[in-house]
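Biologist: Got a minute to walk me through this one? I'd like the overall picture, then the ligand site, then anything odd in the backbone.

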Amino acid sequence: MKKTTKRTIRTDGSGRKRASKTLGFHILTIFPGMFSSYLGESLFARAKESGIITVALHDLRDFTEDRHNKVDDRPFGGGPGMVLKIQPIWAAFRAVMRGITKKRTRKPRVRTILFSARGEAFDAHTARRLAKYDHLVLVCGRYEGVDERVAEHIADEEISIGNYVLSGGEIPALVLMEAVSRHVPGFIGKEESLEEVNGSFPTYTRPESFAPDPKKRSRWKVPPVLLSGNHKKISEWRESHRGRTL
Ligand code: SAH
């Protein structure tokens with residue numbers, strides 16, 4: 001029988017939701033500084049504080065074995081650019097895995113992801129699937145890419161966040177972390193956002209009539225049905241303006 005992980009939600013003294021299970025992100029990167037500002041604000045800051053998620057940044061330079069802390073080298077066979085070396089990635093991965101498996105009674109569910117422009121396209125389905133793991137190890141490429149042996153021997157899957165080439169896996173890691181975290185109970189106030197349940201519809205807030213240029217008479221107005229107070233009509237309007245369900 002398939003084992004399921006129990007994920008009960010309890011409330012702490014402050015009334016904030018607390019998850020009994022934590023999702024741990026372990027990021028392997030040569031630019032750990034890129035993450036702190038984004039992850040230090042808003043929902044991520046709150047989720048870290050309440051223990052819903054943990055984030056561990058691992059600087060690949062700390063795992064090099066040569067005097068110059070070299071994380072990259074020239075590609076075999078020639079060609080432009082540099083390639084991230086296997087050795088620091090393997091050393092960092094092993095250190096992460098040692099930390100994860102230490103003093104655990106239950107075997108944690110770990111998934112290792114390599115960001116790659118050639119990977120499987122990331123979507124809502126993948127985000128939901130990955131939220132079920134206990135730990136996600138995220139390997140961020142740079143330069144011309146990563147020694148292919150990372151994909152062959154270390155990563156469980158390769159993920160692309162879209163059909164374009166970025167300069168590194170750091171933004172893809174943040175995109176994945178945000179989309180996945182939203183499916184961890186307690187990360188957002190409600191279990192799922194309206195978009196995730198029903199597909200999104202347009203929303204407006206005050207003022208009802210906005211003057212973009214005070215010297216002119218033209219106004220940007222809210223559709224009158226939304227101001228009507230007629231809930232049946234409002235639902236019908238939203239239904240007819242709804243986007244696709246994810
Ligand atoms: N030469 C490589 C691109 C290297 S870009 C190729 O053709 O695939 C450097 C790094 O940025 C990659 O190793 C990957 O980790 C990351 N990256 C670039 N574009 C990405 C995308 N669309 N999705 C996920 N990661 C991407």
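**Fold and ligand site**

Modeller: Sure. The chain has eight helices and 11 strands. Keep in mind that this is a predicted model.

Biologist: How many residues are in the chain, and what share is buried?

Modeller: There are 246 residues, and buried ones make up 36% of them.

Biologist: And how much area does the chain expose?

Modeller: About 15500 Å², with carbon and sulfur atoms supplying 51% of that. As for contacts with a separation of 6 or more, 73% are between residues 24 or more positions apart.

Biologist: OK, ligand next. Which residues come nearest to the ligand?

Modeller: Phe115, Glu144, Ile161, Tyr164 and Leu166, out of 20 residues around the ligand.

Biologist: What's the mix of nonpolar, polar and charged in that shell?

Modeller: Nine nonpolar, eight polar and three charged.

Biologist: Which element supplies the largest share of the shell?

Modeller: That's β7, with four residues. Both β7, residues 110–121, and β9, residues 157–160, supply at least two residues each.

Biologist: Which polar backbone atoms does the ligand sit by? Start with the ligand oxygen.

Modeller: An oxygen atom of the ligand is 2.6 Å from a polar backbone atom of phenylalanine 115.

Biologist: And on the nitrogen side, what are the distances to isoleucine 161 and leucine 166?

Modeller: A ligand nitrogen is 3.0 Å from a polar backbone atom of isoleucine 161, and for leucine 166 the nitrogen-to-backbone distance is 2.9 Å. On the area side, the ligand taken alone exposes 550 Å², and the protein buries 87% of that.

Biologist: Switching to helices. Where is α6, and why does its length look right?

Modeller: Helix α6 covers residues 170–181. Its 12 residues should span 16 Å at 1.5 Å a residue, and the end C-alpha atoms are 16 Å apart, so the two agree.

Biologist: Which residues of α6 are buried?

Modeller: Glu170, Pro172, Ala173, Leu174, Leu176, Met177, Val180 and Ser181. As background, an α-helix has 3.6 residues a turn, so residues three or four places apart point the same way.

Biologist: What about lysine 48, where is that?

Modeller: Lysine 48 is in helix α2, residues 42–49. It counts as partly exposed because its relative accessibility is 35%, and partly exposed runs from 20% to 50%.

Biologist: What does lysine 48 touch, leaving aside neighbours within four places in sequence?

Modeller: Leu39, Gly40, Ile53 and Val55. There's also glycine 24, which is 24 residues from lysine 48 along the chain, with 9.9 Å between their C-alpha atoms.

Biologist: There's another lysine I noticed, 107. Is lysine 107 buried or exposed?

Modeller: Exposed, because its relative accessible area is 73% and the cut-off for exposed is over 50%. Lysine 107 is in the loop between α3, residues 86–101, and β7. Aspartate 134 is 27 residues from lysine 107 in sequence, yet their C-alpha atoms are 9.7 Å apart in space.

Biologist: And serine 240, which helix is that in?

Modeller: Serine 240 is in α8, residues 231–240, and at 56% relative accessibility this serine counts as exposed. Its side chain makes a polar contact of 3.2 Å with the side chain of histidine 241. Phenylalanine 201 is 39 residues from serine 240 along the chain, and the C-alpha atoms of the two are separated by 8.6 Å.

Biologist: Last topic, backbone oddities. Which peptide bond is cis?

Modeller: The one from arginine 206 to proline 207, with omega near 5°. Proline 207 is in the loop between α7, residues 194–198, and β10, residues 209–210.

Biologist: And where does phi turn positive outside glycine?

Modeller: Asparagine 69 has phi near 50°, and tyrosine 143 has a positive phi of about 55°. For context, most residues other than glycine have a negative phi, and most peptide bonds are trans.

Biologist: Where are asparagine 69 and tyrosine 143 in the chain?

Modeller: Asparagine 69 is in the loop between β4, residues 53–59, and β5, residues 72–73. Tyrosine 143 is in the loop between β8, residues 135–139, and α5, residues 149–154.

Biologist: How accessible are asparagine 69 and tyrosine 143?

Modeller: Asparagine 69 is partly exposed at 35% relative accessibility, and tyrosine 143 is partly exposed too, with a relative accessible area of 40%.

Notes:
Residues are numbered from 1 along each chain as its sequence is written. This is a predicted model: local features need pLDDT of at least 70, side-chain atom pairs count only at pLDDT 80 or more; totals for chains, interfaces and linings use all residues. Side-chain values use heavy atoms; hydrogens and water are left out. A residue is near a molecule or strand if one of its heavy atoms lies within 4 Å of it. A polar contact is a pair of N or O atoms within 3.5 Å; within protein, one must be able to donate a hydrogen and the other to accept it, and residues adjacent in sequence count only if both atoms are side-chain atoms. Accessible areas come from the Shrake-Rupley method with a 1.4 Å probe; for residues, only the protein chains shown count as cover. Ala, Val, Leu, Ile, Met, Phe, Trp, Tyr, Cys and Pro count as nonpolar, Asp, Glu, Lys and Arg as charged, and the others, Gly among them, as polar. The expected span of a helix is 1.5 Å times one less than its number of residues. Buried means under 20% relative accessible area, exposed over 50%, partly exposed in between (1.4 Å probe, protein chains only). Contact means heavy atoms within 4.5 Å.
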